[in-house]
Amino acid sequence: QVQLLESGGGLVQAGGSLTLSCAASGRTTYTMAWFRQAPGKEREFVATINWSGGSTYYADSVKGRFTTSRNNSKNTVYLQMISLKPEDTAVYYCAASAGGTSIYTKSYVYWGQGTQVTVSS
């Protein structure tokens with residue numbers, strides 16, 4: 001059983017930055033990912049990172065603006081977000097998978113409770 005706890009969300013102006021953290025209990029060798037869900041929309045993939053941190057993949061909408069990383073000694077995954085846009089407003093979730101990197105929600109077994117990111121124009 002893995003428990004995930006996101007933090008770092010908040011309100012920021014367009015063009016600003018935020019860094020989200022996801023603290024995990026238990027084993028550290030899971031593939032991790034970030035998803036987001038805006039009101040009235042489906043949950044969408046944002047970024048994923050393999051267990052070693054050596055492989056990452058991003059949604060086109062965030063590529064070049066968001067960076068995911070991990071510190072396995074702290075059981076923590078990060079999502080650094082810069083140049084934020086109003087359309088980045090959503091609840092951000094981290095998720096864990098025992099498999100390889102994936103952009104699909106069904107690939108991830110464990111989910112955090114989410115943290116709200118609001119970008120004002």
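**Exercise 1. Classify Asn75 by its relative accessibility, then describe its place and backbone.**

Step 1: Asn75 has a relative accessibility of 22%. The cut-offs are under 20% relative accessible area for buried, over 50% for exposed, and partly exposed in between (1.4 Å probe, protein chains only). Asn75 therefore counts as partly exposed.

Step 2: Look along the chain, and you will find Asn75 in the loop between strand E7 (66-71) and strand E8 (76-81). Strands (E, at least two residues) and helices (H or I, at least four residues) are DSSP runs, numbered from the N terminus.

Step 3: Asn75 is not a glycine, yet its phi is positive, at about 50 degrees.

A word on the model: it is predicted, so local features need pLDDT of at least 70 and side-chain atom pairs count only at pLDDT 80 or more, while totals for chains, interfaces and linings use all residues. Residues are numbered from 1 along each chain as its sequence is written, and side-chain values use heavy atoms, with hydrogens and water left out.

**Exercise 2. Carry out the analysis for Ser83.**

Step 1: Ser83 lies in the loop between E8 and E9.

Step 2: Its relative accessible area is 36%, so Ser83 is partly exposed.

Step 3: Ser83 has a positive phi of about 50 degrees, although it is not a glycine.

**Exercise 3. Work out the surroundings of Ser102.**

Step 1: Start with the loop between strand E9 (90-97) and strand E10 (110-111), where Ser102 is found.

Step 2: With a relative accessible area of 12%, Ser102 is buried.

Step 3: Leaving aside residues up to four places away in sequence, Ser102 touches Phe45, Thr48, Ser107 and Tyr108; contact means heavy atoms within 4.5 Å.

Step 4: Between side chains, Ser102 makes a polar contact with Ser107 at 2.7 Å. Such a contact is a pair of N or O atoms within 3.5 Å; within protein, one must be able to donate a hydrogen and the other to accept it, and residues adjacent in sequence count only if both atoms are side-chain atoms.

**Exercise 4. Step back and characterise the whole fold.**

Step 1: Count the elements: the protein has eleven strands and zero helices.

Step 2: The radius of gyration is 13 Å, close to the 14 Å from the globule rule for 121 residues, so the protein is as compact as a globular protein of that length. The radius is taken over C-alpha atoms, and the rule is 2.2 Å times the number of residues to the power 0.38.

Step 3: Finally, buried residues make up 42% of the 121 residues.
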